[in-house]
Amino acid sequence: MGLFNVTHPAFFLLTGIPGLESAQFWLAGPLCVMYAVALGGNTVVLQAVRAEPRLHQPMCYFLSMLSFTDMAMSVATLPTVLRTFCLSARTIDFHACLIQMFLIHSFSMMESGILLAMSFDRYVAICDPLRYATVLTNEVIAGMGLAVTSRSFITLLPLPFLIQRLPICRSNVLSHSYCLHPDMMKLACADITINIVYGLVVLISTIGMDLLFIFLSYVLILRSVMAIASQEERLKALNTCVSHILAVLAFYVPMIGVSMVHRFGKNMPGFIHVLLSNIYLFVPPVLNPLIYSAKTKEIRRAIVHMLHRIKM
């Protein structure tokens with residue numbers, strides 16, 4: 001019996017890729033490589049920012065927050081995904097599933113908030129460069145990080161309780177190799193209207209608004225850049241935004257793709273849904289450190305310098 005005196009299964013059964021069960025073991029290798037790149041790449045970025053005084057600036061502090069969030073997302077999904085694909089161990093305890101669900105959604109919302117904070121950093125740097133150091137002080141950056149974290153955990157705290165109040169009796173088989181709120185609530189044999197409405201309101205009021213403000217910040221950035229007389233200076237200003245734009249695309253495009261497929265692609269094969277969901281969770285943590293290492297000269301130099309010191 002659960003917290004709200006309703007029936008819950010003792011465990012859920014996770015699913016790999018429907019229709020590709022025979023190939024799942026071979027997919028474990030690429031998944032392990034992706035996890036290694038995500039954890040290793042983001043660790044290197046964090047260490048480079050910590051060790052290099054020249055990187056103690058707002059943009060790099062936000063990048064550190066992004067790297068930490070990507071690492072946390074990878075760690076939250078790592079145990080169940082690798083157990084499912086490598087060991088065919090599909091069971092997960094009910095309460096462990098609730099915790100994983102909460103962490104995945106929380107870290108996803110945190111990443112969205114950090115990308116919004118980074119867009120504000122780019123806006124101030126380009127549109128009001130003379131006030132950059134006075135606007136984005138260490139106290140302001142710490143406050144923004146705390147606000148992003150608090151928003152994620154406080155907003156999503158009701159999710160586990162909204163699931164616990166539901167009797168889960170249709171099935172205990174989830175359609176992914178990790179736990180998500182939409183996936184779990186569909187197994188309930190009761191009215192899930194509250195779950196649907198709350199999830200939609202949270203999605204629109206947080207991640208939806210983040211994306212809107214990111215878009216508006218770049219409208220203002222482009223307007224400011226177009227006012228610069230020199231084409232060389234315009235390109236130089238825009239080049240400082242390339243890494244952030246790529247990170248935004250890596251995060252939001254798979255998310256929108258998953259939402260569109262779930263809404264309009266009900267007749268698509270099940271493995272398409274699962275593959276897109278895995279891309280949404282695993283690709284940003286892999287790409288972000290590569291994007292910023294390749295496109296940001298200061299970070300690339302710091303990483304090379306750090307690796308050189310290790311070899312010494």
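D121 is buried, at a relative accessible area of 1%. Buried here means under 20% relative accessible area, exposed means over 50%, and partly exposed lies in between, with a 1.4 Å probe and protein chains only. This is a predicted model, in which local features need pLDDT of at least 70 and side-chain atom pairs count only at pLDDT 80 or more, while totals for chains, interfaces and linings use all residues. Residues are numbered from 1 along each chain as its sequence is written, and side-chain values use heavy atoms, with hydrogens and water left out.

## Salt bridges

Side chains of opposite charge can pair when their charged atoms come close. A salt bridge is counted when a side-chain nitrogen of Lys or Arg lies within 4 Å of a carboxyl oxygen of Asp or Glu. How many salt bridges does the structure hold? There are four. The table lists three pairs, including that of D121 and R122.

| Acidic residue | Basic residue | N to O distance |
|---|---|---|
| E52 | R54 | 3.2 Å |
| D121 | R122 | 2.7 Å |
| D128 | R131 | 3.4 Å |

The partner of D121 is R122. R122 is buried as well, with a relative accessible area of 10%. The pair of E52 and R54 is mixed: E52 is buried at 11% relative accessibility, whereas R54 is exposed at 55%. In the third row, D128 is partly exposed at 26%. R131 is also partly exposed, at 47%.

## Disulfides

A disulfide is a covalent bond between the sulfur atoms of two cysteines. The cut-off used for a pair of cysteine sulfur atoms is within 2.5 Å. By this rule there are two disulfides.

C97 and C179 form one of them, with an S to S distance of 1.9 Å. The angle about the S-S bond is -115 degrees, and the link is left-handed. This pair links distant parts of the chain, 82 residues apart. C97 sits in helix α3, residues 94-127. C179 sits in the loop between α6 (158-164) and α7 (181-185). The helices are DSSP runs of H or I with at least four residues; strands are runs of E with at least two, and numbering starts from the N terminus. Are C97 and C179 buried or exposed? Both are buried.

C169 and C189 form a disulfide too, with sulfur atoms 1.6 Å apart. This link is right-handed, at 95 degrees about the S-S bond. C169 lies in the loop between α6 and α7, and C189 in the loop between α7 and α8 (193-226), so the bond ties together parts that are 20 residues apart in sequence. Here the cysteines are open to some degree: C169 is partly exposed at 47% relative accessible area, and C189 is partly exposed at 35%.

With bonded cysteines counted along the chain, the disulfides follow the pattern 1-3, 2-4.

## Cysteines outside the disulfides

Which cysteine sulfur is nearest to that of C60? That of C241, which is 15 Å away. C60 is in no disulfide. C60 is buried, at 1% relative accessibility.

Why is C127 not bonded to C241? The sulfur of C241 is the closest cysteine sulfur to that of C127, but at 8.8 Å it is too far for a bond. C127 is partly exposed, with a relative accessible area of 27%.
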